[in-house]
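Hello,

Here is the structure you asked for. My notes on it follow below.

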Amino acid sequence: MAKVLYITAHPLNETQSFSLAAGKAFIDTYKEVNPNDEVVHIDLYKESIPQIDADVLSGWGKLRSGQAFEELSSEEQAKVGRLSELCEQFIAADKYVFVTPLWNFSFPPVMKAYLDSVAVAGKTFKYTEQGPVGLLTDKKALHIQARGGIYSEGPATELEMGHRYLDVMMKFFGVPSFEGLFVEGHNAMPDKAQEIKENAIARAKDLAQTF
Ligand SMILES: Cc1cc2nc3c(=O)[nH]c(=O)nc-3n(C[C@H](O)[C@H](O)[C@H](O)COP(=O)(O)O)c2cc1C
């Protein structure tokens, strides 16, 4: 039985969002194919995802200097504790499905905050004399991303930084398998929008058979 985290970073729902529509097609099919797996939905717009702020930095600093967790202020405890909970949940999962829209060439800021919560030395990667080494070597990940223009080929390829950032982080964590499923070009070609969406949903269902 695998544990799957279905991590969505979108404020709307699947009738309004192409990425969530493809994400839902994927995860519903995945659940049908793998009825015994545990799928946990983390809706980053509904969950509390602390940003790394002054409380977090001072709380981490106190822990590093040997103070006990109970000695942190209540704000530090709440934020540092929540970040640690998110990181432990990430490590305990086997598979990750990220769903994001492309906004200004990247993903919504809450996704960066989430990735900050799981990028922890000694947990998801470690420092060695040869440099950092990823510790999540038995996981697999998928990123479903809708983007109004075309980025998988052509002149805009270099501008896309959301999928590329996730790719960098998955490699950094040692995750050996990371794929992308893109719904793209529907704003640039509005007459083809419905067809683009339906194709993406069909690809999502296909991919869910073997993920
Ligand atoms: C705030 C914002 C920024 C956007 N930035 C880009 C962009 O940089 N490149 C692009 O091709 N489309 C951009 N778009 C269009 C979205 O990528 C497109 O509508 C996509 O379908 C969004 O995903 P969704 O359908 O899941 O909401 C932007 C849309 C919004 C609302």
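L159 counts as partly exposed because its relative accessible area is 41%, and partly exposed covers the range between under 20% and over 50%. This, like everything below, comes from a predicted model. L159 sits in the loop that links β6 to α5 (162-172). Together with F105 and M161, L159 makes a nonpolar surface patch of about 260 Å².

F105 is another member of that patch, and its place is the loop between β3 and α4. With a relative accessibility of 36%, F105 is partly exposed. Its phi is positive, about 70°, although F105 is not a glycine. F105 also has a part in the ligand site: a polar backbone atom of F105 is 3.0 Å from an oxygen atom of the ligand.

N104 lies in the loop between β3 (95-101) and α4 (109-118). N104 is exposed, since its relative accessible area is 75% and the cut-off for exposed is over 50%. N104 has a positive phi as well, near 45°, and is a residue other than glycine. A polar backbone atom of N104 is 2.8 Å from a nitrogen atom of the ligand.

G148 makes a further backbone contact: one of its backbone N or O atoms lies 3.2 Å from an oxygen atom of the ligand. On its own the ligand has 630 Å² of accessible area, and the protein covers 70% of this. Two elements, α1 (18-33) and β6 (140-147), each give two or more residues to the shell around the ligand.

Which residues come nearest to the ligand? Of the 16 around the ligand, they are H10, S17, S19, Y151 and H186. Sorted by class, the shell holds 7 nonpolar, 8 polar and 1 charged residues.

Some points on other parts of the chain:

- P11 lies in the loop between β1 (3-8) and α1. P11 counts as partly exposed because its relative accessibility is 44%. From P11 to K79 the C-alpha to C-alpha distance is 22 Å, and the two are 68 residues apart in sequence.
- At the start of helix α2 (residues 54-64), a side-chain oxygen of D53 comes within 3.1 Å of the backbone nitrogen of D55.
- G66 follows α2 and has a positive phi, near 100°.

Regards

Key: Residues are numbered from 1 along each chain as its sequence is written. This is a predicted model: local features need pLDDT of at least 70, side-chain atom pairs count only at pLDDT 80 or more; totals for chains, interfaces and linings use all residues. Side-chain values use heavy atoms; hydrogens and water are left out. A residue is near a molecule or strand if one of its heavy atoms lies within 4 Å of it. A polar contact is a pair of N or O atoms within 3.5 Å; within protein, one must be able to donate a hydrogen and the other to accept it, and residues adjacent in sequence count only if both atoms are side-chain atoms. Accessible areas come from the Shrake-Rupley method with a 1.4 Å probe; for residues, only the protein chains shown count as cover. Helices (H or I, at least four residues) and strands (E, at least two) are DSSP runs, numbered from the N terminus. Ala, Val, Leu, Ile, Met, Phe, Trp, Tyr, Cys and Pro count as nonpolar, Asp, Glu, Lys and Arg as charged, and the others, Gly among them, as polar. Patches are made of residues with over 30% relative accessible area and no salt bridge: like charges are joined within 9 Å, nonpolar side chains (Val, Leu, Ile, Met, Phe, Trp, Tyr) within 5 Å. A salt bridge is a side-chain nitrogen of Lys or Arg within 4 Å of a carboxyl oxygen of Asp or Glu. Buried means under 20% relative accessible area, exposed over 50%, partly exposed in between (1.4 Å probe, protein chains only).
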